[in-house]
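This report walks through the fold of one protein chain, from its overall make-up to its sheets, its cores and the surroundings of its ligand. Please keep the sequence and the structure in view while reading.

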Amino acid sequence: MLHTDNDTRWMRRALTLAQQGWGCVQPNPMVGAVLLDARGQCVGEGYHAVYGGPHAEVMATEQVKAQAKHLAPQGVAGGTLYVTLEPCSHYGKTPPCAARVASLGLARVVIAVQDPNPKVAGQGIARLQAAGVEVTVGVLADEATALNRPFLVAMAEQRPYVTLKQAATLNGHSAPHAWQPGDELGSAGAWFTSPHAKAYAHRLRQSHQAILTTAATVLADNPQLTVRLAVPPENARTPVRVVLDRHATLWDANRQAPLVGVRVFETASEDTWWVVSASALAARPTLHDWYQPGLTIVPLPDNDNSAVSSWGATMQALFSHGITSVLVECGGTLAAALLAKPAVDEWHWITAPHWSTSPQGVPALALPTTTVPTSPWPTPVWAGFSTIETQSLPDALVWVALR
Ligand SMILES: NC(=O)c1ccc[n+]([C@@H]2O[C@H](COP(=O)([O-])OP(=O)(O)OC[C@H]3O[C@@H](n4cnc5c(N)ncnc54)[C@H](OP(=O)(O)O)[C@@H]3O)[C@@H](O)[C@H]2O)c1
């Protein structure tokens, strides 16, 4: 059956509800649901509010009890459920929603998008149809896909969704000078964007499951990589911080301990994963057996010695640990390598209204000059992205590109 204007209206309401789970449900998707009785009256609404908590469909049916006196005489039997994602059909943190929905005696279930999670992938729909429920799929599908892009890509491709965030001056510099061995830890970092841009960056952190950086950036900037400007503040939850350090450069061989002063290692209340190659670990038994609360050492297979090809193995290691979305905060070398691969699903480029006058300014993208074509115009770095949007902040301009 084709969908109606009424379907669009109720699905829009379900999508609005779903958004209330923003920043609180990862690695789960944001989901909203609206339940109508046989007379078409809304008798229940719900959304997935917290990871591990009840799903949207359950929240909507729970609300029905509170609405009991307004219900049609037959309860919700013959009614319609609007839900932004296919009801799950497997036991996860909660029992399968499809079985519960199927037991309600509804006439119809309207779904925005099918769940590509291989544990669901149409089985929730089949469960409902087997119970005699008419199922309509695809109402406001584009909006529902945009809402849960990281989840849908991660489930369909069985790898983490990758967002790259960079901040640069108007002339494309990401730091005033490069860090050199012997320099003080963190001495090459410079915060040149301002409060609104900082809040934007922290919102990006809040909506991902992991924040990934490199040993090179840790040495240069010594960032904390925590969420300190959460919206709302009570939802502050710092994602896992992942440090790529194939050669264990953040290990002090003299002390037989991590370098003193590395913030991502010293803020033990937040989880940090230190990704080191298996051969570097084998050569450093003390590091291999290092124990520190909050710090996990993740060995990276040495199948290939190149940093570029280690990316796939790193992503698989993170995915196997349940990480489905990664925000990359790195320098120009890794950023350019990931864009060239291409391994970036979403790219946020924050331009600060400053012109760097430093002759040693570090380009935010270390693009190899050999790939620059003979044309006098620069390589179109946006090539390969389907959507490009801009957002104006009071103190910066953000370019957002989606693959
Ligand atoms: N403004 C900003 O947004 C921002 C953010 C972060 C950093 N920064 C600045 O960026 C500078 C550091 O940049 P950087 O270019 O030296 O370092 P980077 O891009 O942060 O890291 C480069 C290193 O990453 C490792 N790597 C791991 N996987 C890789 C892969 N698949 N492809 C390529 N490299 C991979 C390589 O080290 P191995 O060969 O050892 O694996 C490589 O040398 C600092 O000055 C810092 O201040 C700016």
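Two residues are taken to be in contact if their C-beta atoms, placed from the backbone, lie within 7 Å. By that criterion, and leaving aside its neighbours within four places in sequence, Val326 is in contact with Pro160, Val162, His208, Ala210, Leu212 and Leu318. The model in which these contacts are found is a predicted one.

**Overall make-up**

The protein has 13 helices and 18 strands, and of its 403 residues 41% count as buried. Among contacts between residues at least 6 apart in sequence, 73% join residues at least 24 apart.

**Strand β14 and the nonpolar cores**

Val326 belongs to strand β14, which spans residues 325-328 and is covered on both faces, with Ser325 and Leu327 buried on one side and Val326 and Val328 buried on the other. Strand β14 runs parallel to β6, to which it is joined by 4 bridges, and within this pairing Thr163 stands opposite Leu327. Strand β8, residues 210-214, is also parallel to β14 and is joined to it by 3 bridges; here Ala210 has Val326 as its bridge partner.

Val326 and Ala210 appear again in the largest nonpolar core, which has 60 residues and in which Ala210, Leu212, Val242, Val243, Val275, Val326 and Ile350 touch the most other members. A second core, separate from this one, holds 44 residues, including Ala18, Ala98, Val101 and Val109.

**The open sheet and helix α1**

Five strands make up an open sheet of mixed pairing, in the order β2-β1-β3-β4-β5. Its edge strands are β2 (42-47) and β5 (134-137), each of which pairs on one side only, and neighbouring strands of the sheet are turned by 15 degrees against each other on average, direction ignored. Helix α1, residues 5-18, lies across β1 (32-36), β2, β3 (80-85), β4 and β5, and runs at about 140 degrees to β1. Strand β4, residues 108-113, runs parallel to β5, and Val110 has Thr136 in β5 as its bridge partner.

**Strand pairings compared**

The table sets out pairings from several parts of the chain, including those of strand β18.

| Strands | Sense | Bridges |
|---|---|---|
| β6 and β14 | parallel | 4 bridges |
| β8 and β14 | parallel | 3 bridges |
| β4 and β5 | parallel | 4 bridges |
| β15 and β18 | antiparallel | 6 bridges |
| β17 and β18 | antiparallel | 7 bridges |

Strand β18 covers residues 396-402, and its partner β15 covers residues 346-351, while β17 covers residues 387-393. Which residue of β18 is the bridge partner of Thr351? That partner is Leu397, and Leu397 is likewise the bridge partner of Ser392. Strands β17 and β18 form a hairpin with 2 residues between them.

**Surroundings of the ligand**

The ligand is surrounded by 30 residues, of which Ala175, Ala216, Gly331, Thr333 and Ala337 are the closest. The elements that give two or more residues to this shell are β6 (161-168), β7 (173-175), α8 (215-221), α12 (310-320) and α13 (332-340). By class, the shell has 17 nonpolar, 10 polar and 3 charged residues. Strand β6 thus has a place in two parts of this account, as it contributes to the ligand shell and pairs with β14.

Conventions:
Residues numbered from 1 in each chain as written. Predicted model: local features only at pLDDT ≥ 70, side-chain atom pairs only at ≥ 80, totals over all residues. Near = placed C-beta within 6 Å. Nonpolar A, V, L, I, M, F, W, Y, C, P; charged D, E, K, R; others polar. Buried ≥ 20, exposed ≤ 12 C-beta atoms within 10 Å, placed from the backbone. Pairing = 2+ DSSP bridges. Core = buried A, V, L, I, M, F, W, Y, C linked by C-beta atoms within 7 Å. Axes fitted to C-alpha atoms, helices over the stretch in contact; angles between N-to-C directions.
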